[in-house]
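Biologist: Please take one part of this model and look at it closely. Then work outward from there and show me how the rest fits around that part.

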Amino acid sequence: MDNSAVRTEGLTKVYKDFWRRKSVSALINLNISIERGEIFGLLGPNGSGKTTTVKLLLGLLFPTSGKSWLLGHSSNDLKVKSKIGFLPEESYLYKFLNAEEILDFYGKLFDIPKTERKLRIDKLIHDVGLNSYRKRPLSQYSKGMLRRIGLAQAIINDPELVILDEPTSGLDPIASREIKDLILDFKSQGKTVILCSHLLADVQNICDRIAILNKGVLQVMGNVRELLSQKDVIEFVVKNLSDNDIQEVETFIKSRSGNVLSISHPASTLEELFVNIIQQGK
Amino acid sequence: MILTIAGHTFREVIRKKILHVLIGLGIIIIVVSPFIPTTDEPDARIKMMLVVFFQVVVLLCIVGVIILSATSLPHEIEDRTIYGILSKPVSRLKIVVGKIAGFALVSALLLTILGLLNIVAIQRFSSRLPEGYGGILKARNEFTASRFSIQGKSHHVREGIAWIEGGRTGIALWSFSDLYKKLADKSSLEVEFNVKTDSSRIDIDAIPLVVGIEDAGAGQCKTSILSAKIDEPLTIKIDREIVKKNNAINITVFPIHSMDYIGVTGEDAKLYSVQKGFLSNYIKAIGVTFLKFLLIVSIAVMGSAYLSAPVSIVSALVIFLCGHILDVVKDFSLIIQRYDVHEHALPAALKKPTILLVYIDYLIRKPLEWVSVTLPDFKRFDSLKFLLKGINIPLETVGVSFGYTAIYAAVCLFIASVIFKKREFL
């Protein structure tokens, strides 16, 4: 039995023009396998084939050749979509509805019973921090608020596989951190997450494995730590060391033919600083 | 699932300004319609209100519904909100069916609100009619003759119409049998003639006819002389007792004057049992009109499964228009070729077709035949003609309209789902 959450074999998409002539090869012979429970990052520059891959998996596009499987079923199988949550690249939502109405609509599409639907809607609106705006039409929402309600609709069905296309785009650092925490929470719940993002730092922090696409071709795929580790460079992180001790350690390393590249005080990231300041203000 | 999408579509539309404008305009037109100048007939005002509702308000609503239904799917695709639905466990067929059902609900809402207002206004004006005046507020059941014959000889027969010359050379006879079983208890009877008239006399607008109502069992005949105006139907009341005694009656007609002619067919004399029932008839007319909405919505949604919003609107409007002039489309070839209408009517110069018209006819005959077969026939949903004549809309007519809509909508749905299933969303 196929235990992978997502598997593709020779997945290829060639866009053709009106006269059926080949115009653009968006994806060429993609072979990937994503294990259940992992956070998988799909990276690449614009036009690399990330969104095409996601659309092929969701059946919004049809492959020119190759096959794909989601949670052990063919991606053409309609039933498997009940276990999938999808957040598109931008918040393509019905602006005439309010938060409650839109979640109710998507909940109905998943055939979630009324009482359970209501409970989930209340919880999700609370979780994404839109409780005060639940009756306000989406046309009056900011980009960040739309992103939050978009994320809420993506998980209304408590999915096993969550596909997130640029989930933090348009969000402030606090909300962005909350989303990242939510993604990590998905992992702890055993959900599989596919994360398409341009924000490489986000991907690095939360993804287990990544694949990098360029011009529709898979360039590299593997564990984030393994891909980023420099085998010939060693890093010590030490606390409470005096300047003399530092001198001695450096001398010792040099005596053993080691090449000291830098000695510095590690800085926290700007995101950490921002989050700390804002949270202290609260 | 279908209901969810239908409900969502309905909710989207009722929040759109175009629908509010449509309802507002419809209300204004209905309110203004009783004040449009009419003839002096007691029920002319009510007729005008019916004509305005079924030909102006309904047309306005249909155009509005076409615009809304033809743009719904293209806007979903353009705004990419379709991603949200397609990534859920919903088949594309259900999306299309849901859209059609949603617009059917919108149509029902429009017809209910505006139809209700119209009937309330009509009832208000009908209370001002003279006591006992039936007029338009009847719901007559129609009976066609079981037998038609010419006693004596006809002057000539052309295109299935027997022309009878005056002066008792020939008499048109219509027999109606098995009436007693078919008639409702409280109904009264009347016969309506739609005979064609012609005369060699100059400057006359009516010809005198001898009309006989014969009790077929007893052989007794009551004869009267009536003046038939050119191109106007002639109505005579019949004593209800005649049917109580007998199951069959014969009706005879001939022109008095030897220079007058009447052209008759078996369909030209119809017997009606007259009873009250305008309201139920009106409801049936609204029901048939709703089927018309349903059909055009199916066509508009079918087009929108592939076409862009503007192209989809235009194509649905063109189909709607052509669906009303199918007779012209179908007979266009005949119109070019044939001029053998009755010889009293057209000058001889028109009888010779030019060679160019013959060539055009040769080229377009087959394509026109195909077009007329493929296009929906919207004229079959015309229920106004029944209301204006005070004829009860037969249940068979409602049933046939329903069946026609169901078959046509099913074909549209099939085509739409095939197209939509193959569609990719970039």
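Modeller: Val249(A) is partly exposed, at a relative accessible area of 39%. That value comes from a predicted model, as do the others here. Val249(A) sits in helix H8 of chain A, residues 243-255. Val249(A) also belongs to a nonpolar surface patch, together with Ile234(A), Phe236(A), Val238(A) and Leu241(A). The accessible area of the five adds up to about 520 Å². In general, nonpolar side chains of soluble globular proteins tend to be buried together. This patch, by contrast, is on the surface.

Now the helix itself. H8(A) has 13 residues, so at 1.5 Å a residue it should span 18 Å. Its end C-alpha atoms lie 18 Å apart, in agreement with that. After H8(A) comes Ser257(A), with a positive phi near 65°.

H8 of chain A also carries a charged pair. Glu250(A) and Lys254(A) form a salt bridge between their side chains, 3.4 Å from N to O. The two are four residues apart in the helix, about one turn.

Helix H3 of chain A, residues 114-127, offers a second such pair: Lys118(A) and Asp122(A) are four residues apart there, so about one helical turn separates them. Their side chains meet at 3.5 Å, N to O, in a salt bridge. Lys118(A) is exposed, with 53% relative accessible area. Asp122(A) is partly exposed, at 27%.

Chain B has a bridge of another kind. Lys237(B) and Glu190(B) pair at 3.5 Å, N to O. Lys237(B) is in strand E10 (residues 234-238) and Glu190(B) in strand E6 (residues 188-193), so the bridge ties together parts 47 residues apart in sequence. Their surroundings contrast: Lys237(B) is exposed, at 65% relative accessible area, while Glu190(B) is buried, at 2%. Back in chain A, salt bridges with shared partners link Lys118(A) and Asp122(A) with Glu100(A), Arg134(A) and Lys135(A) in one network. Over all chains, the structure has 21 salt bridges.

Next, the interior. The largest nonpolar core holds 142 residues. Ile149(A), Phe54(B) and Tyr282(B) touch the most other members. Helix H3 of chain B, residues 44-79, gives this core its largest share, 15 residues. A separate core has 26 residues, including Leu209(B), Ile249(B), Ala269(B) and Leu271(B). Phe54(B) shows the packing in detail. Beyond its neighbours within four places in sequence, Phe54(B) contacts Tyr282(B), Ala285(B), Ile286(B) and Thr289(B), and also Ser383(B), Leu384(B) and Leu387(B).

Last, the chains as wholes. Chain A, home of the patch, has nine helices and 11 strands. Its C-alpha atoms fill a box of roughly 70 × 55 × 40 Å along the principal axes. Of its 282 residues, 43% are buried. Its accessible surface is about 15700 Å², with 51% from carbon and sulfur atoms. Among chain A contacts with a separation of 6 or more, 68% join residues 24 or more positions apart.

Chain B has 13 helices and 13 strands. Buried residues are 46% of its 426. Its accessible surface is about 21200 Å², and carbon and sulfur atoms account for 63%. Of chain B contacts between residues at least 6 apart in sequence, 81% join residues at least 24 apart.

Conventions
Residues are numbered from 1 along each chain as its sequence is written. Chains are lettered from A and ligands numbered from 1 in the order in which they are written. This is a predicted model: local features need pLDDT of at least 70, side-chain atom pairs count only at pLDDT 80 or more; totals for chains, interfaces and linings use all residues. Side-chain values use heavy atoms; hydrogens and water are left out. A nonpolar core is a set of buried Ala, Val, Leu, Ile, Met, Phe, Trp, Tyr and Cys residues joined through side-chain atoms within 4.5 Å. Buried means under 20% relative accessible area, exposed over 50%, partly exposed in between (1.4 Å probe, protein chains only). Contact means heavy atoms within 4.5 Å. Patches are made of residues with over 30% relative accessible area and no salt bridge: like charges are joined within 9 Å, nonpolar side chains (Val, Leu, Ile, Met, Phe, Trp, Tyr) within 5 Å. Accessible areas come from the Shrake-Rupley method with a 1.4 Å probe; for residues, only the protein chains shown count as cover. A salt bridge is a side-chain nitrogen of Lys or Arg within 4 Å of a carboxyl oxygen of Asp or Glu. The expected span of a helix is 1.5 Å times one less than its number of residues.
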